[in-house]
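Please open the structure in your viewer and keep the sequence panel visible beside it. The tour below proposes a series of selections and states what is found at each one.

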Amino acid sequence: MTRGRLVVHAHFYQPFRVDPFTDRIPDDLSAAPFRNWNERITAECYRPIAELGIPARISWNLGATLTAYLAREAPTVLAAFAEQDRAGGGTGIAQSFHHTILPLASLADRRTEITWGLRDFAYRFGREATAMWLPETGVDLATLRVAADAGIKAVILAPWQADVSHVDPRRPYRVDVGGGRHITAMFYDGDLSGAVSFEPAATADADRFARERVAPRLAAPLPDDVPPTLVIATDGELYGHHQSFRDLFLQRLVAPEADAGRTFDVVGLQAAIADQEGHLHPEIRIRDRTSWSCHHGLLRWTAECPDVPDGRWKGPLRAALERLAGGIDVATEAIARDIPGLDDPWAARDRYVDVVIGARSGDAFAADCLGSRSTAADRSRLLDLMEAQRWRLGMFASCGWFWDDPVRTETHQVLRAAARAVRLVDGLAGSGLERRLVEDLATLRSPSTGMDGAAIYRKALSEIGQPPPPEPHPTAR
Ligand SMILES: [Zn+2]
């Protein structure tokens with residue numbers, strides 16, 4: 001009989017915590033005795049996971065804002081992930097760059113986010129990624145099409161994202177993305193992933209978990225000798241940070257020496273999705289605009305999702321930032337027309353990732369875009385414009401909408417990104433987009449404090465020592 005297989009996928013990601021004006025992480029007393037939460041979670045989770053050799057045995061992705069942090073502050077941890085990716089035959093997969101909910105983004109933004117995520121992966125880990133973690137597993141057919149265009153072969157999704165009443169998640173499926181192309185979808189096991197995430201008692205003993213929870217689900221065979229495969233997908237931070245000692249649980253669950261007593265093999269995503277000889281994966285359709293962490297489509301990031309008591313601030317926040325993005329994009333094209341040699345600012349934006357991740361200097365990038373005879377002033381304007389686009393992309397990080405109140409630090413962070421972007425563009429174009437942003441933000445209210453969005457924006461900026469924004473126009477109120 002064909003042995004069953006287990007894939008454990010860990011999604012490692014942190015909301016970006018850098019001050020967009022300085023690229024440094026401000027000290028955060030709530031993370032004591034550490035300087036900030038990145039440092040604390042590195043000590044509690046990323047470093048022990050790396051030191052235990054786990055990345056060679058599981059499937060994982062490290063978000064790009066996290067790889068940037070590790071590269072700077074914990075390079076040995078990042079190097080261990082890279083080395084174990086190689087040792088495990090390619091265990092890492094990419095993630096689109098800023099943890100943006102891709103189906104909510106413009107087509108151009110989806111392309112850039114996916115391009116940047118793939119480039120970050122190649123730069124950090126020395127090979128091309130073939131699969132991608134979609135932030136919050138947010139998906140629609142257009143996103144999968146863009147992903148396939150970029151060379152991505154596979155994604156991991158929640159079982160309820162399959163457009164059938166009951167999907168057997170123990171095998172890969174093919175999604176037709178049009179143009180004769182397909183992308184492979186692996187649906188994780190909802191019960192087991194939920195147990196690992198939310199039932200600490202279930203994960204106290206890895207051998208018992210393997211025996212009592214995993215093995216029975218792999219017992220029933222699939223047709224055509226296809227080996228049944230379970231995928232457990234969770235946030236990586238639960239192993240050691242959200243739940244103590246679960247790094248040790250994970251180590252034991254996937255340990256080679258534990259295999260002897262088991263009826264299944266631990267494999268990576270690549271092996272799990274590989275075509276069975278002579279059998280194409282069955283075709284399936286996905287439910288558009290769905291995710292793993294909201295059972296109301298994508299409402300958690302757009303509107304009044306019932307998961308929070310009062311989500312009425314979320315729609316206006318998105319509307320304000322979308323209007324800002326539109327304004328910045330119009331200004332970008334106008335500024336670009338004034339920079340000799342800059343033919344296509346959007347193609348330049350896709351390549352600017354190399355400067356963001358430190359693979360290339362800004363000067364080299366600008367000289368390459370504008371030609372060696374370009375002036376220093378034009379190169380400087382180009383870099384400011386690209387930096388504005390970088391933070392305009394970053395202001396859509398999903399964390400800003402995830403929680404129950406916009407006075408939280410995650411929303412402060414997306415507002416700071418917006419401020420960085422709009423101040424650069426207003427400086428370059430002489431436009432007044434920031435004043436309009438403040439007016440738009442004034443339409444939302446914090447449920448817990450009653451503060452309006454303009455006041456939250458001012459506070460988010462004053463906390464990092466930035467000058468206050470312009471006052472709203474008198475007639476705007
Ligand atoms: Zn929801």
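Select glycine 430 to begin: this residue follows helix 15, and its phi is positive, near 70 degrees. The model is a predicted one, and every value in this tour is computed from it.

**Helix 15**

Extend the selection backwards to residues 409–429, which form helix 15. How far apart are the end C-alpha atoms of helix 15? They are 30 Å apart, which agrees with the 30 Å that its 21 residues should span at 1.5 Å a residue. An α-helix has 3.6 residues a turn, so residues three or four places apart point the same way. Now show the surroundings of helix 15: 15 of its 21 residues are buried, so this helix is largely enclosed by the rest of the structure.

**The largest nonpolar core**

Next, select Met132, Ala418 and Ala421. Within the largest nonpolar core, which has 139 residues, these three touch the most other members. Helix 15 gives the most to this core, with 9 residues. Where does the core lie with respect to the two domains? Domain 1 (4–273) and domain 2 (301–476) both give residues to the core, so it lies between them.

Keep alanine 421 selected and display its contacts. Not counting residues up to four places away in sequence, alanine 421 touches Ile328, Ala388, Trp391, Arg392 and Met395.

**The two domains**

Colour residues 4–273 and residues 301–476 separately; the domain assignment gives these as domain 1 and domain 2. The C-alpha centres of the two domains lie 29 Å apart. Where they meet, 25 residues of domain 1 are in contact with 23 residues of domain 2. Select residues 107–125 to show helix 4, which supplies 9 residues, the largest share of the side of domain 1 that touches domain 2.

**An open sheet of five strands**

Switch to a cartoon display and find the open sheet of 5 strands, whose order is 3-4-5-7-6, with mixed pairing. Its edge strands are strand 3 (94–95) and strand 6 (173–178), each of which pairs on one side only. Then select residues 131–133 and 154–157, which are strand 4 and strand 5; these two pair in the parallel sense over 2 bridges. Methionine 132 returns here: its bridge partner in strand 5 is valine 155.

**Strands 1 and 2**

Move to residues 4–12 and residues 59–62. The former are strand 1 and the latter are strand 2. The two strands run parallel and are joined by 4 bridges. Phenylalanine 12 stands opposite leucine 62 in strand 2.

In a regular strand the side chains alternate between the two faces of the sheet. Are the residues on the two faces of strand 2 buried or exposed? Ser59 and Asn61 on one side, and Trp60 and Leu62 on the other, are all buried, and both faces are thus covered.

**Points of note along the backbone**

Select alanine 32 and proline 33. A cis peptide bond joins them, with omega about 5 degrees. Proline 33 is found in the loop between strand 1 and helix 1 (37–51).

Go on to glycine 190, which lies in helix 6 (residues 190–198). Glycine 190 and alanine 158 are 32 residues apart in sequence, and their C-alpha atoms are 6.9 Å apart in space. Leaving aside neighbours within four places in sequence, glycine 190 is in contact with Ala158 and Pro159.

Now select aspartate 225, in the loop between helix 7 (206–217) and strand 8 (229–235). Its phi is near 60 degrees, a positive value in a residue other than glycine. Aspartate 225 is exposed, with 11 other C-beta atoms within 10 Å.

Arginine 289 may be examined in the same manner. Its phi is near 55 degrees, again positive in a residue other than glycine. This residue lies in the loop between helix 9 (269–273) and helix 10 (314–337). Arginine 289 is partly exposed, with 18 other C-beta atoms within 10 Å.

**The whole protein**

Finally, clear the selection and view the entire chain. Its secondary structure comes to 17 helices and 9 strands. The radius of gyration is 23 Å, close to the 23 Å that the globule rule gives for 477 residues, so the protein is as compact as a globular protein of that length. Along its principal axes the C-alpha trace spans about 75 × 50 × 45 Å. Buried residues make up 48% of the 477 residues.

Technical notes. Residues numbered from 1 in each chain as written. Predicted model: local features only at pLDDT ≥ 70, side-chain atom pairs only at ≥ 80, totals over all residues. Core = buried A, V, L, I, M, F, W, Y, C linked by C-beta atoms within 7 Å. Buried ≥ 20, exposed ≤ 12 C-beta atoms within 10 Å, placed from the backbone. Domains from an automatic or database assignment. Contact = placed C-beta atoms within 7 Å. Expected span 1.5 Å × (residues − 1). Rg over C-alpha atoms; globule rule 2.2 N^0.38 Å. Pairing = 2+ DSSP bridges.
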